[in-house]
Amino acid sequence: MTPGPDLQQLINTIKADAGSDDELEQLGTAAATISELTATSDAALGFFVDRARGAGKSWVEISTVLGVSKQAAHKRFADSWTAKPAFDRYTPRTQAVVEAAKEVARSRNHAFIGTEHLLLAFFAQPQALATKVLLAHDITEESVRTAVDAKSPAGPPADAKTAEKALDGENPPYTRRTAHVLQGAVGEALTLGHNYVGTEHLLLAFYRDSLGVATQILVEQGLDEKAAWAGIRALLEEATK
């Protein structure tokens, strides 16, 4: 296992980042650094817990690996599967994709917003990095829609008033898996060292749950997690040139 920085290395880094011999400035830098490290560490651990949950592992199995009680593991990490998504770091384009997912669900007469709706919503933003990755792998709106039709058929026409209420913009009926993806995108952003959540992070978050409809479609159409990462990295590198 690759060792992390030891205490002296961490102290030296903090002092260098502070750029001052003033004790209070160094303390402030230390507090910010430790806070960032803690958030990143929690996100990293949560990432692998999410992966285990997405693969169908039980809380008993997870708690055994972590060396804590089932209750402690569940209390610390269950929120990532149940909490409402927080969109404060989402870019306008990513927020537009989330909004488009509601319209996709409505158009399919569904009273819920699933990962399949979120995947189709990428195509409402053709300039989004995630959409560019999909198209580069010949995953088109038509091919995704065909796959979604097979896995999650459109529902029968519903009363317009009832459908509108079911998809209330103030309280969208996200499925647990969709909420998990929307939350997980924040962790993916942290993994890449980004302070924003872009569509690329949303795409990567699908792979946290191998049983999600969107994830199954992506893999079936030739875009596994490794290929998605490679495509996103290439676009990010191109954007920084």
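This section describes the helices, salt bridges, surface charge and backbone features of a predicted model.

In the predicted model, the protein chain contains 14 helices and 0 strands, and its order along the sequence accordingly reads α-α-α-α-α-α-α-α-α-α-α-α-α-α. Of the 241 residues in the protein chain, 40% are buried. Among the residues located in helices, Thr94 lies in helix H6 and, with a relative accessibility of 0%, counts as buried. The C-alpha atom of Thr94 is separated by 8.2 Å from that of Ala128, although the two residues stand 34 residues apart along the chain. Thr215, which belongs to helix H13, is likewise buried, at 4% relative accessibility. In this case the C-alpha atoms of Thr215 and Leu119 are separated by 9.0 Å, with their positions 96 residues apart along the chain.

Helix H9, which spans residues 141–151, has Val144, Ala147 and Val148 as its buried residues. These three residues cover an arc of only 100 degrees around the axis, and they are therefore placed on the same side of H9. The face of H9 that is turned away from this buried side carries the exposed residues Glu142 and Ala150.

Salt bridges in the model come to a count of 7, and three of them are described here, beginning with two that involve helix H9. The side chains of Glu141 and Arg145 meet in a salt bridge with an N to O distance of 2.9 Å; both residues lie in helix H9, where they are 4 residues apart, or about one turn of the helix. Both partners are partly exposed, Glu141 having a relative accessible area of 35% and Arg145 a relative accessibility of 30%. Lys151 forms a salt bridge with Glu220, in which the closest N and O atoms are 3.0 Å apart. Because Lys151 lies in helix H9 and Glu220 in helix H13 (residues 213–220), this pair ties together parts that are 69 residues apart in sequence. Lys151 is partly exposed, with a relative accessible area of 34%, whereas Glu220 is exposed, with a relative accessible area of 53%.

A further salt bridge is found in helix H6, where the side chains of Glu99 and Lys102 meet at 2.9 Å, N to O. The two residues are separated by about one helical turn, because they are 3 residues apart in helix H6. The partners of this pair fall into separate classes of accessibility: Glu99 counts as partly exposed, at 44% relative accessibility, while Lys102 counts as buried, since its relative accessibility of 6% is under the 20% limit for that class.

Charge also gathers on the surface, where Asp21, Asp22, Glu23 and Glu25 form a patch of negative charge. One member of this patch, Glu23, is found in helix H2, which covers residues 23–54. Glu23 counts as exposed, because its relative accessibility of 61% is over the 50% cut-off for that class.

The backbone was also examined for positive phi values. Most residues other than glycine have a negative phi. Against this background, Asn109 has a phi near 55 degrees, a positive value in a residue other than glycine. Asn109 is situated in the loop between helix H6 (92–107) and helix H7 (115–121), and it is partly exposed, with a relative accessible area of 33%. Asp138 also has a positive phi, near 60 degrees, and is again a residue other than glycine. The place of Asp138 is in the loop between helix H8 (129–136) and helix H9 (141–151), where Asp138 is exposed, with a relative accessible area of 64%. Both of these positive phi values thus belong to residues in loops between helices, Asn109 in the loop that follows H6 and Asp138 in the loop that leads into H9.

Notes. Residues numbered from 1 in each chain as written. Predicted model: local features only at pLDDT ≥ 70, side-chain atom pairs only at ≥ 80, totals over all residues. Heavy atoms only, no water. Buried < 20%, exposed > 50% of the residue type's maximum accessible area, 1.4 Å probe, protein only. Salt bridge = Lys/Arg side-chain N within 4 Å of Asp/Glu carboxyl O. Patch = residues over 30% accessible without salt bridge, like charges linked within 9 Å, V, L, I, M, F, W, Y side chains within 5 Å. Areas by Shrake-Rupley, 256 points an atom, 1.4 Å probe, with all protein chains shown as cover. Lys, Arg positive; Asp, Glu negative; His and termini not counted. Charge placed at Lys NZ, Arg CZ, Asp CG, Glu CD. Arc of directions from axis to C-beta.
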